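Hi there,

Here is the structure I promised to pass on, with my notes underneath. Could you read them with the model open beside you?

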Amino acid sequence: MEVPQVQTINRIGCDRGQNNLAVVAPAKGFGKFFSGKEVKHRRRPNQKRRQSLQSAKKFRALKKWDKRERRWMESVNHTISSKVVRFAQYLNADVVIEDLEGCRDTMKQRKKNRVDSGESRHSWAYYSLEQKLDYKLALKGLRIIKRPAPYTSKSCSTCGTLGERKGHDFNCPNGHYHNADLNAARNLSRWDGFCCSLDLKRDAPQWRVPVDARIHVPLG
Ligand SMILES: [Zn+2]
């Protein structure tokens, strides 16, 4: 197959989160949100059903159930990846995503509320989305770029300082407020030049801004 050759230096970040299945954004300008609400909504009862099948030792039914859920999640990922690719084409940009290795660390932290919020086996869904993105981007002559995750959700996409992420909100000591997922996506898009441990070191004195100096702007 003939694959178009496009060389681009533009990048958009793609953060795969819990609040949103994915958020894609360039360093500046509008981003796109793919809400995870519907998935969570559907997964929670699925999870309950799954557990009851398991404790009743109905393994064949369980397998069937898992397959069905998997197929459904696959189709969700197909839709999302296609839309992300279209956005990438529109901006003629490669897509930067978190390395799954780093992703697993945050998964561990979330383990405690995993089962009841229907978020287990999440890493499989991440991986599936990544694969779909990869081949669909390649067909358009664009690339997927993987970056280590540790700082993408912890530093401010405006000034690079370490901040605090709480649910949907991100606040940095210098008073910048961001939607947490959008902040992470923006950081990914500029990872090489901006959001790295060196920048964090350089900005270190700014961490000492007192906590009270932060502003908090609630979402919507
Ligand atoms: Zn900031």
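Let me begin with helix α5, which is mostly covered: 10 of its 10 residues are buried. Buried here means that 20 or more other C-beta atoms lie within 10 Å of a residue's own, exposed means 12 or fewer, and partly exposed is in between, with C-beta atoms placed from the backbone. The buried residues of α5 are Ala-180, Asp-181, Leu-182, Asn-183, Ala-184, Ala-185, Arg-186, Asn-187, Leu-188 and Ser-189.

Two notes on the basis of all this. Residues are numbered from 1 along each chain as its sequence is written. The model is a predicted one, in which local features need pLDDT of at least 70 and side-chain atom pairs count only at pLDDT 80 or more, while totals for chains, interfaces and linings use all residues. As for names, helices (H or I, at least four residues) and strands (E, at least two) are DSSP runs, numbered from the N terminus.

The small sheet beside α5

α5 lies across β6, β7 and β8, and it runs at about 95 degrees to β8. Contact between two residues means that their C-beta atoms, placed from the backbone, lie within 7 Å. Axes are lines fitted to C-alpha atoms, for helices over the stretch in contact, and angles run from 0 to 180 degrees between N-to-C directions.

These three strands form an open sheet in the order β6-β7-β8, with antiparallel pairing. Its edge strands are β6 (164-166) and β8 (177-179), each pairing on one side only. From one strand to the next, the twist averages 20 degrees. Strands count as paired if DSSP finds at least two bridges between them. β7 (residues 169-171) and β8 are joined in the antiparallel sense by three bridges, and Phe-170 has His-178 as its bridge partner in β8.

The five-stranded sheet

The other open sheet has five strands in the order β3-β2-β1-β4-β5, and its pairing is mixed. β3 (32-35) and β5 (144-147) stand at the edges with a single partner strand each, so one side of each is left without a neighbour in the sheet. Here, too, the twist averages 20 degrees from one strand to the next.

Going through the pairs, β2 (residues 20-26) and β3 are antiparallel over four bridges, and Val-24 is matched with Lys-32 in β3. Four bridges also join β1 to β2, again antiparallel, whereas β1 and β4 pair in the parallel sense over five bridges. Gly-13 is a handy residue to click on: its bridge partner is Ala-25 in β2 and Val-96 in β4. β1 is mostly covered, with five of its six residues buried.

Which helices pack on this sheet? α2 lies across β1 (10-15), β2, β3 and β4, at about 5 degrees to β2. α5 (residues 180-189) packs on the sheet as well, touching β1, β2, β4 and β5, and its direction makes about 145 degrees with that of β1.

The core

A nonpolar core is a set of buried Ala, Val, Leu, Ile, Met, Phe, Trp, Tyr and Cys residues joined through C-beta atoms within 7 Å. The largest one has 30 residues, and those with the most contacts inside it are Cys-14, Ala-22, Val-24, Val-84, Ala-88, Val-95 and Ala-185. At least two of its residues come from each of β1, β2, α2, β4, α4 (122-139) and α5. Leaving aside residues up to four places away in sequence, Cys-14 touches Ala-22, Val-24, Val-84, Val-95, Val-96, Ile-97, Ala-185 and Leu-188.

Loops and a helix check

Most residues other than glycine have a negative phi. Lys-57, just after α1, takes a positive phi of about 60 degrees. Lys-57 sits in the loop between α1 and α2 (59-90) and counts as exposed because it has 8 C-beta neighbours inside 10 Å. Asn-92 also has a positive phi, near 45 degrees, and is found in the loop between α2 and β4 (93-98). With 15 other C-beta atoms within 10 Å, Asn-92 is partly exposed.

For α1 itself (residues 37-55), the expected span is 1.5 Å times one less than its number of residues. Its 19 residues should therefore span 27 Å, which agrees with end C-alpha atoms 28 Å apart.

Finally, have a look at Gln-131 in helix α4. Gln-131 is partly exposed, with 13 other C-beta atoms within 10 Å. Its C-alpha is 9.6 Å from that of Ile-144, a residue 13 places apart from Gln-131 in sequence.

Happy browsing, and best wishes!
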